[in-house]
Each structure stands twice: as structure tokens, then as C-alpha cells.
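Please open the model in a viewer and keep the selection panel at hand. The tour proceeds by selections, each followed by a description of what is found there.

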Amino acid sequence: MAGGQSIPGAQREGQTSALIRIVIPQGAGVVLRNVAAVLARQISERCDAKVALAGDAPVTVELAVEPGIGAEGFHVTDGPKSTVRIVGNDEPGVLYGVGKFLRTSLYGRRGFTPGTWRGTSVPKCPFRAIYLATHFNNFYEAAPAEELKHYVEELALWGYNTILIHFPTWQFDSLSDAEAQKWLGRFKALFAHAKRHGLRVGLLQAPNQGYKTPPADLRGVKVPGHRRGNFGVNLCASKPEAKELLIRMYDELLDEFKDVGLDYFQLWPYDEGGCACEQCRPWGARGFVGISRELAGLARAKFNGCKIVLSTWGFENENDANPDGEWVGLANALDEDKSWADYIMADGHDDYFPKYVLEKGVPGDLPLVNFPEISMFGMTPWGGYGANPTPAHFQMLWDRIKHQAAGGAPYSEGIYEDLNKAICAQFYWSPGRQAEDTVKEYLAYEFSPDGAEDLLEVVRIFERNHRRNRISADATRAFDIVKSVETKLTEQVRRSWRWRIFYLRALVDKEMYEREGELQGEALREAFQELTRIYHAENSHSMPIKPPQVE
Ligand SMILES: [Zn+2]
């Protein structure tokens, strides 16, 4: 089966029902039972239909695993009577099939109507991760654990198969710091939850970053230029005592994840990270390579099959004095020995993508994965104005590398970029899929199939008005469309946070346009307060996370 292909089969009208039965094979394992629970929760949250695991019902959805479809792929077929069969090549395949089935079904006042999409679909890219930034008391740190777990399930329904998180050493005194233990408790539980749903998990770390107060004599030399992010706690990986300390730190940290098991360990050069001393520089080609190789070995020894992702974020580019220095250096190092790395991650801020990769290829000829920035660009505070969909922007970024990418991991700061996450997940699933096609599927599923075309126009207006100093008169039209579509939505959709952040973005843009950018007035004050509540941002850093507050 060709990767990422969708082959539509025969279609027949679904039957609307207030009672749905979900059938799983006898003796099904924990993942399949959890996938059934995800399906049940999604249906019952979106309409008043009841979901049962036994007895008779007008509509039955059967989940099964039958190898031979292609890794993580699925097909959806008709079974006897009113049964829809969602068959995965493996357990994760069932989960992704459930996602497609849910998105093509209808949720109305009379109940649930199973989708008519039939066919087979297999993901093209094996690495379909989402990186959840956990800092500044953002959504991922502040939301109730249950809400966060549900959100991860919903991301998986779009095709993500991996959750990446960074353990922020710089926030803690040590591993025994009560705050560090609290952090570990929360995110190890999240990882375990993800694994029980068939997902993979990984840590993303800057390998020379120390705890809050590392010994002064072991610290590194700040890298000159604009590499962003510098908490002043980076160690010099060329000093033997510092290297020993880092290996000991990671020996202990990785042991914390022994029970959960890590599938990926990702090493990050800058923002944070780096040392510019004589022995370490250029960091990306020397100091970083040395310490990363040590820690990669440690991770692989502790976790069977753990894959190593080597990031090149912040590597020198054509604006620097020695544009290819780090790239050539890393390529040379990997030409000598690349046995310790599995993927190269490359990307850049805003529209930049490393020229070296585009023109000369991937160091070590390793599979390439990207790191699209879906959260922060063009709006401060991040997410402060509601939903921030920008499909044309991500289409442009993806088109440059879609022929060679093995996947990627969007950088996420919260839930306001939910639509951007869906776009990227579908790029990884099926690289040729157009961003707007995914947007239409999202709008139909999350809001209304009847309103999807009109709301697509709103998304286009949102993107044109993305920069806060460029909001134009069509903001008023976008708000009118949103208000008109809202009258046709079910009660469940109107109350949902996804609709509220979409609605509030339209409202905020209209108000900002009318007020020529001034953040004033009752409507904006209430909109920002509601966004703050939705993000659980009451106690987050006012910059960059918390929505603006109007006096
Ligand atoms: Zn150094």
C-alpha cells in the first residue's frame, strides 16, 4: 500500500442513532480498550447519543487489528447490517482510523450519524511528534491533568504518534527539588497515559544545560550572536568535571523514566544550550557532538530501541560570519560515525529554513524531520488573541521539504494553535495533502459541515490579519460570518473551547480594527478574560503567555 494514500470505497448513507454500540475483540489489550473509550467519549461529548459496549443498538462500530495494511495504517469498511469496521494494521492504526471516522461523522440534535468515508490510509512519515513546551506556567503546566490527557488523545486522532517534552533543568535546584518531583509526577503520568493509547514518548534536552545554580567554575562561555534563550546555566562540555556532572545528571534523569520507557531522546544545541570556549566551538560541530554522543549511548543503554534525534536549531546560517561552519563540521563528524544518531531535525524561526539542508542535503544522510513554529510567530502575547490559524504559511514552509521529510515535531505553547497542529499532523500523514483541505475537515468536524466553507473564508481572513498592526476592514466581515454560522451550531459546539477561541479571535480582531489597535473597552476586556480562563493562564507569566488584560 502506497504511503499516505486514501482510497475511497463504496459509500452508503449512515443511519442516525441515539444509541451506538462499540465492539472490540475478546481479550483486547489495554490500548484497544482505551481507543474504544476515546471513541465513546468523543461521540458522547459531541451529541446526546449514548454509547454502549454490549447489547443491541441501531449502529455498531467494530474495532479490530489485522496486520498487512502498512505500519500504523487503517481501513474503514462496512460490516454486516449497520456495522462500520475500523481495522488497524496495529493498535495505533485503530486509533488513527477512529480519528478519520469521527471527523467524517455527523453530530446532530437527533444523535450520531456514522461517517460514510470508506477506504484505506497509511501514514507516510514515521516520526509524527508534537513538542509540548512546558514552561512559564503555560497550558501544559497549568491545565488540570485530566484535561491535558484528553487533549493528547485528541491530537493523536489527527495522526500524531509521539509526545515530546523538555525537562526544564534550569527551573530546578536538582532532581530532588520538590518542584522537580512535582513536574515529574505530572508529566510521567501524561507519558504513561499516552503509551496506554499506543503513542510513543520522548525527552528533548539541551545536553549541556545545568540546574538552576551550577558550579561557577564549570559554566560555559556564552555563544556570541543572536541564538536566543540564555539562562546562564550552560556548562562547558569540554571541562572533564562538567562532562562528568552532565552524564551523572542524565543518568539520574533518564532513570526517572525507567517505568514509562522513552522511545526518543532528542538533543538540542541552542536556545537553550551551547558553549563558545576554545575547545567547544563551533558548538554544533564539536562540543555538542561530543556530549550528545555520550548521552545518546546512555539513553540507548537504558531504553531498548530508543531513537536519537539530533537537532540543529540555531545553527549558523547565511547571515553569520561562517555560514556553513557548523553544518560542514556536523556532516564531517557524522561521516566518520553516525551510528549513534537516527534523525536530523532542522528548521528555523519565522520563514527561515537552513539553506545548507536545502542545497547540500542532510548531514550524515540521516532522515530529516522538521520543527515548525506554530505558536509564537507574529503575535505577542502568544495566543493572546484567540485561535491563530495560518494554513498558507505552513503550506509554504512544508512545500520546501515535503519531498524528503520523514516527519517532524511542531513547537506548541498551548491550545490556541490547535488548527495549526491538525495541519502539520496531516502533512506528516500524507505529505501531498493541502493545508486548506485539512482546515475544511477540521471546521466540518469541530464546528459544522454546513458552515465549513464559510468558516474557511474566516480562516483566510484571520491569516491576512495575523500581524496585529495589519488588521483590515475584513475583520468585520469575518465576525459577521462567525455570528451567522453560530446560529446553526449545536449547543455542544457553541460551548466548546475550540469554538470559543475561534469566535473570540473574530471578535477581538473586529474590536481592534474599530479601535485602531487600542486594547480598550468592555468587549475586549471580557474576551481576554475568557481566553485567560480557557488557557488556565491566570497564573502564567504575563509575557509571553497571558492574554492582554484591559483595565
Ligand atoms: Zn566549552
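## A salt bridge in helix 1

Begin by selecting Glu45 and Arg41, which form a salt bridge whose closest N and O atoms are 2.9 Å apart. The model is a predicted one. The two residues are 4 apart in helix 1, so about one helical turn separates them. Colour the pair by accessibility. Glu45 counts as partly exposed because its relative accessibility is 42%, whereas Arg41 has 15% and therefore counts as buried, the limit being under 20%.

Keep Arg41 selected and add Glu153. These residues also form a salt bridge, and here the closest N and O atoms are 3.2 Å apart.

## The two domains

Next, colour the protein chain by its domain assignment: domain 1 covers 19-121, and domain 2 covers 127-271 + 306-378 + 404-433. How far apart do the C-alpha centres of domain 1 and domain 2 lie? The separation of these centres is 33 Å.

Now select the residues where the domains meet. In this region, 16 residues of domain 1 are in contact with 18 residues of domain 2. The area buried between domain 1 and domain 2 is about 1500 Å², and 55% of it is on carbon and sulfur atoms. On the domain 1 side, select Arg41, Tyr96 and Arg103: these residues lose the most area to domain 2, together 36% of what that side buries. Between domain 1 and domain 2 the count of salt bridges is 4.

## Strand 1 and its partners

Select strand 1, residues 19-23, and display its side chains. Their directions alternate: Ile20 and Ile22 point to one face and are buried, while Leu19, Arg21 and Val23 point to the other face and are not buried.

Add strand 2, residues 50-52. Strand 1 pairs with strand 2 in the parallel sense, over 3 bridges. Within this pairing, Arg21 stands opposite Ala52 of strand 2. Include helix 1, residues 30-46, in the selection as well; strand 1, helix 1 and strand 2 make a β-α-β unit that is right-handed.

Then turn to strand 3, residues 59-65. Its pairing with strand 1 is parallel too, over 4 bridges. Which residue of strand 3 is the bridge partner of Ile20? The partner is Val59.

## Strand 10, covered on both faces

Move to strand 10, residues 162-165. Are its residues buried on one side or on both? Thr162 and Leu164 on one side, and Ile163 and Ile165 on the other, are all buried, so that both faces are covered.

Two neighbouring selections follow. Strand 9, residues 127-132, runs parallel to strand 10 and is joined to it by 4 bridges. One residue pair to label here is Ile130 with its bridge partner Ile163 in strand 10. Strand 11, residues 200-205, also runs parallel to strand 10, with 4 bridges joining the two. In strand 11, Leu203 is the bridge partner of Ile165. Trace the chain from strand 10 through helix 5, residues 178-196, to strand 11: this β-α-β crossover is right-handed.

## A link between distant parts of the chain

Stay with helix 5 and select Lys195 together with Asp263. They form a salt bridge, with the closest N and O atoms 3.0 Å apart. This pair links distant parts of the chain, since Lys195 belongs to helix 5 and Asp263 to the loop between helix 6 (240-256) and strand 12 (264-267), 68 residues apart. Lys195 counts as partly exposed, at 25% relative accessibility.

## Val482 in helix 14

Select Val482, which is placed in helix 14, residues 474-486. Its relative accessible area is 0%, and Val482 is therefore buried. Now show its surroundings: leaving aside residues up to four places away in sequence, Val482 touches Leu455, Val458, Trp499, Phe502, Tyr503 and Ala506. From C-alpha to C-alpha, Val482 and Leu455 are 7.0 Å apart in space, although 27 residues apart in sequence.

## Helix 15 and the salt-bridge network

Select Glu491 and Arg495, a salt bridge whose closest N and O atoms are 3.7 Å apart. Both residues lie in helix 15 (residues 491-495), 4 residues apart, about one turn of the helix. Glu491 is partly exposed at 39% relative accessibility, and Arg495 is exposed with a relative accessible area of 57%.

For the final selection, take Arg41, Glu45, Arg46, Glu153, Glu154, Asp418, Glu446 and Arg498, which are joined into one network by salt bridges that share partners. In the whole structure, a search finds 40 salt bridges.

Definitions and conventions: Residues are numbered from 1 along each chain as its sequence is written. This is a predicted model: local features need pLDDT of at least 70, side-chain atom pairs count only at pLDDT 80 or more; totals for chains, interfaces and linings use all residues. Side-chain values use heavy atoms; hydrogens and water are left out. Buried means under 20% relative accessible area, exposed over 50%, partly exposed in between (1.4 Å probe, protein chains only). Two strands pair if DSSP finds at least two bridges between them. A crossover is right-handed if, with the strands pointing away from the viewer, the path from the first strand over the helix to the second runs clockwise. Domain bounds come from an automatic or database domain assignment. Contact means heavy atoms within 4.5 Å. Buried area is the accessible area (1.4 Å probe) that two parts lose on being put together, summed over both. A salt bridge is a side-chain nitrogen of Lys or Arg within 4 Å of a carboxyl oxygen of Asp or Glu.
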